[in-house]
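These are my notes on how the strands and helices of one structure are arranged. I set down each item in the order in which I looked it up.

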Amino acid sequence: MEHLKVKNLNFGYKSYLPLFRNLCCEVSNASFVHVNGISGSGKTTLFKIFAGFINASYDEIIISGIKLLPGMNPFDRNIAMVFQRTSLWQHLSVNTNIKLAWNNNFISRNLLNSWMDQLEINKFKNKNCSALSAGEQQRVEILRALSSGKKILILDEPFAFQDTANLKKLIEAIEQYREVTQSIVIFSTHSVEAKKYFSSQAFINI
């Protein structure tokens, strides 16, 4: 069920004005939800609230039938998130980073290997992540999230270091992931190209 509902979300950082005051939004029948807003509007904060990394006050948050209760452990939320800044284990190989997240109950080895070929990750899979460029690390980070097979995929400015060719390959992989897992993809991006490539897209403005 491709559905996102937020009811009366309130949050503010200490010594600042409230970032969200009774925020309400709801979208249905959208495979991809684009959260749109100017820099500093709270897109990253909203994503971290969804993922359970920031505590906030709200009446209800439901994503794809999953009710996200206040205080729920991030590991229990069925969410994979790609952050703006890399969260890869730099001292470990690309292969190890991916395998630590891989759930073979949802993502087959054949599919994972095809993504590694498609995103040209196989050629540096044995390198430590610290040896990769920013663009390479970003592709590995996205692939690691896809390998988890989670029902909710959150992408926070995930294409900043990608050229047009790699952007198209990433979006193809993400759309294939969504079809296989029947998940919802929630994302923010300033890339005009990325916005036009995603299908079944809804918008939330904050």
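I began with a term: two strands pair if DSSP finds at least two bridges between them. I also noted that the model is a predicted one.

**Entry 1: a pair of strands.** I looked up strand E7 (residues 152-156) and strand E8 (residues 184-188), and found that they pair in the parallel sense over five bridges. I then asked which residue in E8 is the bridge partner of Leu 155. The partner is Phe 187.

**Entry 2: the sheet.** I followed the pairing outward and found an open sheet of five strands, in the order E6-E7-E8-E3-E9. The pairing in this sheet is parallel. Which strands stand at the edges? I recorded strand E6 (79-82) and strand E9 (201-205) there; each has a single partner strand, so one side of each lacks a neighbour in the sheet. I noted an average turn of 20° between neighbouring strands of this sheet, with direction ignored.

**Entry 3: a helix on the sheet.** I next looked up helix H4 (residues 134-147), which lies across E6 and E7. Relative to E6, helix H4 runs at about 175°.

**Entry 4: H3 with H4.** Two packed helices are described by the angle between their axes and the distance between the axes. I therefore looked up both values for H3 and H4: their axes come within 11 Å and cross at roughly 165°. Angles over 145 degrees count as roughly antiparallel, and H3 and H4 are therefore roughly antiparallel to each other. The crossing in which H3 passes H4 is right-handed. From H3, I listed Leu 112, Trp 115 and Met 116, which meet Leu 143, Leu 146 and Ser 147 in H4. Sorted by class, this contact of H3 with H4 has five nonpolar residues, one polar residue and no charged residues.

**Entry 5: H3 with H5.** I then turned to helix H3 (residues 109-118) and helix H5 (residues 164-181), whose axes come within 10 Å. How are H3 and H5 directed, roughly parallel or roughly antiparallel to each other? Their axes cross at roughly 165°, and H3 and H5 are therefore roughly antiparallel. H3 passes H5 in a crossing that is right-handed. On the H3 side I listed Leu 111, Trp 115 and Gln 118. On the H5 side, they meet Lys 169, Glu 172, Ala 173, Gln 176, Tyr 177 and Val 180. By class, I recorded five nonpolar, two polar and two charged residues in the contact of H3 with H5.

Conventions. Residues numbered from 1 in each chain as written. Predicted model: local features only at pLDDT ≥ 70, side-chain atom pairs only at ≥ 80, totals over all residues. Heavy atoms only, no water. Axes fitted to C-alpha atoms, helices over the stretch in contact; angles between N-to-C directions. Helix = DSSP H or I, 4+ residues; strand = E, 2+ residues; numbered from the N terminus. Parallel < 35°, antiparallel > 145°, perpendicular 65-115°, else oblique. Left-handed = near helix turned anticlockwise from the far one by under 90°. Contact = heavy atoms within 4.5 Å. Nonpolar A, V, L, I, M, F, W, Y, C, P; charged D, E, K, R; others polar.
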